[in-house]
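Let's work through a few exercises together. Have a look at the model first, then try each task before reading its solution.

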Amino acid sequence: MERTLVLVKPDGVQRGLIGEVIVRLERRGLRLVAAKFIAVSQELAETHYAIHKGKPFYDGLIRYITSAPVMAMVWEGPNAVAAVRQTMGATRPTEAAPGSLRHDFALEIGRNLTHASDTVENGEKEVALWFKSEELVTWGREIDRWVFEK
Ligand code: DAT
Ligand code: MG
């Protein structure tokens, strides 16, 4: 089963949108694996966004993600990575599909509410970076067979 890291970034937390993000992922049929509400350290921020180091927006991005608490979660399901990226919408909110979170709740790329892993491989790496293995809960739901085909 594919897993993906989801962050409700500081703007989403400040704007009271943690519940909105969770509702949409639950309603989609994805299964929550782990969640924690944390202040992101400089070190975690830099490791998480290492791929963007050197880009013009990098310093602002690190300041933003460390500026206030975030809600970090792991969600799983078939094609969870693609499904969650779709539910979040494109990085630039004005390019996000109508109905996606970034379309419905955001305007600016530097205040785009959420993070979601972009590939299955990065999903695995990011889950391991943000959570200890004992924080990940393996469980089943009674309705799983009505949401997951296999
Ligand atoms: P995503 O968050 O959709 O995975 P990304 O990994 O390309 O997007 O970039 C990480 C974050 O960095 C993104 O959510 C917002 C910021 N960012 C990306 N490109 C940017 C740009 N051109 N200008 C300003 N901020 C940008
Ligand atoms: Mg990304």
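The exercises below deal with a ligand and the pocket around it.

This is a predicted model, where local features need pLDDT of at least 70, side-chain atom pairs count only at pLDDT 80 or more, and totals for linings use all residues. Residues are numbered from 1 along each chain as its sequence is written, ligands are numbered from 1 in the order in which they are written, and side-chain values use heavy atoms, without hydrogens and water.

**Exercise 1.** Find the residues that surround ligand 1.

*Step 1.* Look for residues with a heavy atom within 4 Å of the ligand. These are Lys9, Tyr49, His52, Phe57, Leu61, Arg85, Thr91, Arg102, Ile109 and Asn112.

*Step 2.* Sort this shell by class: four residues are nonpolar, three polar and three charged.

**Exercise 2.** Find side chains with an N or O atom close to an oxygen atom of ligand 1, using polar contacts (pairs of N or O atoms within 3.5 Å).

*Step 1.* Start with Thr91, whose side-chain N or O atom is 2.5 Å from a ligand oxygen.

*Step 2.* Go on to Arg85, with a polar side-chain atom at 2.7 Å from an oxygen of ligand 1.

*Step 3.* Add Arg102, where the distance is 3.2 Å.

**Exercise 3.** Describe the space that ligand 1 takes.

*Step 1.* That space is the largest pocket, and its volume is about 720 Å³.

*Step 2.* Now its lining, meaning residues with an atom within 4 Å of a grid point: there are 28, and Tyr49, His52, Phe57, Leu61 and His115 lie nearest the centre.

*Step 3.* Helix 7 gives the largest share of this lining, four residues.

Note on methods. Polar contact = N/O pair within 3.5 Å; in protein donor to acceptor, adjacent residues only side chain to side chain. 1 Å grid on protein atoms, 1.4 Å probe; cavity = no way out; pocket = protein on both sides within 12 Å on 5 of 7 lines; lining within 4 Å. Sits in = over half its atoms within 2 Å of the grid points. Nonpolar A, V, L, I, M, F, W, Y, C, P; charged D, E, K, R; others polar. Points joined across faces, edges and corners; volume = space filled by probe spheres on them. Helix = DSSP H or I, 4+ residues; strand = E, 2+ residues; numbered from the N terminus.
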